[in-house]
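Trainee: Got a minute? I'd like to go through this one with you.
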Amino acid sequence: MKNLIAIEWMKLKRSVTMKVILIIYAVTVPLLYFCLGFIEVGPFSMPDYIYEFPHSYNFVAYIASYFNLLVGVIIMVFTSNEIKYRTLRQNVIDGLSKKEVIFAKFGVVFLFSVLVTLYVLLVGLIFGLLHSDDLSQIFSGFDQIGAYFISVLGFFTFAFFFANVIRLQILAILLYIFSTLIEGLIGLAVAREYSQFFPLRTFSNLIRNPFFEMVDPTVDGQAIPDQFILGQGWSAVFAVFYIACFVLISYWVIKRRDI
Amino acid sequence: MCVTNITGSLQFYVGRNTGFDDFIADLHQDDHPERLISHFKLPLVPFLFFSPFSILSWLKITTVAEKVLSIKGLSKNYNDFAAVKNISFDVEQQMVFGLLGPNGSGKTTTLGMLMGVIRPSSGEFSWFNNGQKDENRKRIGSLLETPNFYPYLTAWQNLEVVAKIKGIDPPKESIDRVLKIVGLTKRSDSKFKTFSLGMKQRLAIGATLLGDPEVLVLDEPTNGLDPQGIAEIRELIIRIGKSGKTIVIASHILDEIQKVCTHAAILRDGKLLQVSTIDSLIGNQDVRLIKVGAEEMTKVKSIVEQIPSYSIYKEDDHALIIRCPRETTASMMNKFFFDHGIVLNQLSVFSESLENQFLEIIKKS
C-alpha cells in the first residue's frame with residue numbers, strides 16, 4: 001500500500017488544481033473564522049466563547065465544512081483525469097491490478113481527509129490557545145474533529161465514487177457540484193424528514209451547527225422543533241456505511257468495466 | 001573436450017529436441033564431436049554438474065521452448081457483436097509474433113484482453129505459465145492503441161510513474177537509457193502535453209522498454225511516426241527481437257509484419273484464419289513466380305499451358321505471372337520463349353509478398 005500511495009503522490013504532487021484549491025482552503029477557513037468575531041447584527045454581537053475551548057473546534061469544523069465541496073473537486077478532477085487521459089488503463093497494463101488502482105485512490109482520499117482534518121484541528125487549537133484562559137477544556141472538543149473527519153471522508157468518497165462511475169468528466173463534475181442541491185430537492189419532493197438518511201445529508205448532519213446552540217442552548221446541535229432528527233452518533237454510523245458502499249461500488253464498477 | 005566448449009556448443013544447439021535413442025545413434029557416428037554435446041541433456045546431467053557453466057546451459061536448453069503466452073478459446077462479445085471469436089494460439093520464447101488483420105479485425109481487443117483491461121467473454125489465456133495474474137504484466141512492456149500519459153507531467157516524470165509501477169528501483173538509469181533509445185533525451189523535461197504525436201508515440205515505446213522486460217506487446221507501434229521514425233522503430237524492434245526477447249506485435253501494415261516478425265497470426269472479423277511462421281506464410285518455397293510480357297500474349301499463354309510444370313498464377317492484358325519450379329531462372333525463361341519464337345518485352349522474377357498471401361487468405365475464407 002505504501003508503494004501504491006507513493007505512485008499516486010507522484011501524480012498528485014505536480015497537480016496545479018490541487019495546489020490552488022488547497023491554498024484557497026488553507027487561507028479562507030482561518031480568515032472566515034477570524035472575521036466571525038466582528039459580526040454585529042443590530043444589538044446582537046458574537047459572544048467571546050466562539051474562540052475558546054472547547055467551542056473553537058466546532059466553529060472551525062462548521063466553517064470548514066462549507067469548503068468540503070471545493071476540496072472534493074481535487075479528488076474529483078484527480079480521479080476522473082485518470083479515466084479521461086486513459087492512464088487508469090495504462091496503469092493496469094503496466095502491471096497494477098484494478099483492485100490496487102481503486103484502493104490506492106481511496107488511500108489518497110483517506111489521506112486527504114486526514115490532512116484537511118489535521119488542519120482544522122490546528123486552526124481550532126491555535127485560536128483556542130490564543131483566546132482561552134482555561135486550558136482544561138483543550139481536549140473536550142475533539143469529538144467534533146472526529147465527526148468532521150468522517151464528514152469530509154464522506155464528501156471526498158462521494159466525489160471519488162462519482163468520478164469512477166460517470167465516465168464523462170465534465171458531467172461528473174457538474175453533477176457533483178449540484179449533488180447537494182439535487183439531493184435536497186429529491187428529499188423535499190419524496191422523502192421529507194427521512195431525507196436525513198440520504199448520504200450527503202448524513203455527512204453534513206455530522207457537523208453540529210454551533211449557531212443553533214447559540215440561539216437556544218437547550219437544543220443539541222441541530223434540532224428543529226417537532227421534527228425527528230438523527231443524532232451525531234447515528235449519523236456517523238450511517239456515514240461509515242455509505243463510505244464503504246461508495247468504495248465497494250466503485251471497485252465493482254471498475255472491475256467489471258472494460259477500461 | 002573442454003568445458004567452455006561445452007557451453008558454447010550447447011548454446012548453438014538450443015532448440016533441438018532429440019530423444020535418447022537419437023543420442024545413442026549419434027554416438028556411433030562420432031564424426032562431429034560438437035554435435036554430441038547437444039544431446040547431453042538428461043543422460044549426462046551428473047557429469048555436467050561438475051561445471052556451473054554447463055548447468056546453466058542445461059537449464060537454458062530445458063527452458064528454451066517455454067511458452068510465453070498460451071491462449072485457448074478466447075472470445076469477446078459486445079452485446080450482439082462478436083469482436084473476437086474463439087481464438088487459440090501459443091507464443092513461445094524468442095518469437096516475434098505478428099497479429100495481422102485489417103482495421104476492426106479484433107487485434108486490439110485481443111491484446112486488451114491479454115493485458116487485463118478488457119474482460120474476456122469466454123476462454124482463457126496464460127502468461128509465463130502463470131495464469132492471468134496481475135503481476136505477470138510487470139514483466140511485459142506494452143503499448144496499446146494510443147500513448148497514455150499524464151499531460152501535466154514531463155516525459156521523465158511520466159516514465160518515473162511507470163518505473164514505480166513496474167518496481168524498477170532506482171529508476172534513473174533505466175529512464176535515461178530508454179529516453180536515449182527513443183531519441184527524447186533533449187525533451188525529457190518537457191511536459192507530455194507539449195509533445196507532437198510522433199514524440200508521444202516514441203515516449204510510449206520508450207515506456208515499454210523500461211526495465212528491459214522479457215516480453216513486448218506492441219499495438220501498431222509505428223502509428224503516427226514519420227518515415228524516418230518508422231524505419232528507426234522497426235530497426236529497434238528487429239534489434240530487440242534478435243536479442244532474444246519475445247515480441248507480440250499487432251499491425252495492419254503487412255510490410256511491417258513481414259520485416260520484423262518470425263511468426264504471424266491472421267485475423268479477420270474476429271476470427272483466426274491462420275497461424276504459421278512468416279516463411280511458410282510468404283510462400284511455398286518450391287515455387288517461383290516469374291512475370292513475363294510480350295506482344296502476342298495469347299500465344300504466350302498457350303505455350304505456358306502446354307508445359308505441365310508451369311501454371312498461370314495471375315494474368316492481365318500485358319503480362320502473365322507464371323508459377324514455375326524453384327530452380328527456374330529469368331534467363332532460362334527468356335531462352336524458353338525465344339526458342340518458341342516469342343520475344344519478351346517484360347521479364348521479372350516475382351517474390352510473392354506477404355501482401356499477396358494475405359489477400360489470398362482473406363479472399364479464400
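Mentor: Let's take the interface, then one helix; keep in mind that this is a predicted model.

Trainee: Fine. How many residues of chain B are in contact with chain A?
Mentor: On the chain B side, 27 residues, in contact with 26 residues of chain A.

Trainee: And how much area do the two chains bury between them?
Mentor: About 2,700 Å², with 55% of it on carbon and sulfur atoms.

Trainee: Which three residues supply most on the chain B side?
Mentor: B:Val117, B:Asn148 and B:Ile165. Together they supply 24% of the area that chain B buries against chain A, more than any other three residues.

Trainee: What about charges? How many salt bridges across the interface?
Mentor: The rule finds three. One of them pairs B:Glu145 with A:Arg86; their closest N and O atoms are 3.8 Å apart.

Trainee: And how many residue pairs in polar contact?
Mentor: There are 14 across the interface, both residues at pLDDT 80 or more.

Trainee: Which element of chain B gives the most to that side?
Mentor: H7(B), with seven residues. That helix spans 155-166, and strand S1 (67-78) of chain B also supplies at least two residues.

Trainee: What's the residue mix there?
Mentor: On the side of chain B that touches chain A, 13 are nonpolar, nine charged and five polar.

Trainee: New topic. Which residues of helix H8 in chain A are buried?
Mentor: A:Gln169, A:Ala172, A:Ile173 and A:Tyr176, in a helix of residues 169-177.

Trainee: Why do they sit on the same side of H8(A)?
Mentor: Because they cover an arc of only 95 degrees around the axis. An α-helix has 3.6 residues a turn, so residues three or four places apart point the same way.

Key. Residues numbered from 1 in each chain as written. Chains lettered and ligands numbered in written order. Predicted model: local features only at pLDDT ≥ 70, side-chain atom pairs only at ≥ 80, totals over all residues. Heavy atoms only, no water. Contact = heavy atoms within 4.5 Å. Buried area = accessible area lost by both parts, 1.4 Å probe. Salt bridge = Lys/Arg side-chain N within 4 Å of Asp/Glu carboxyl O. Polar contact = N/O pair within 3.5 Å; in protein donor to acceptor, adjacent residues only side chain to side chain. Helix = DSSP H or I, 4+ residues; strand = E, 2+ residues; numbered from the N terminus. Nonpolar A, V, L, I, M, F, W, Y, C, P; charged D, E, K, R; others polar. Buried < 20%, exposed > 50% of the residue type's maximum accessible area, 1.4 Å probe, protein only. Arc of directions from axis to C-beta.
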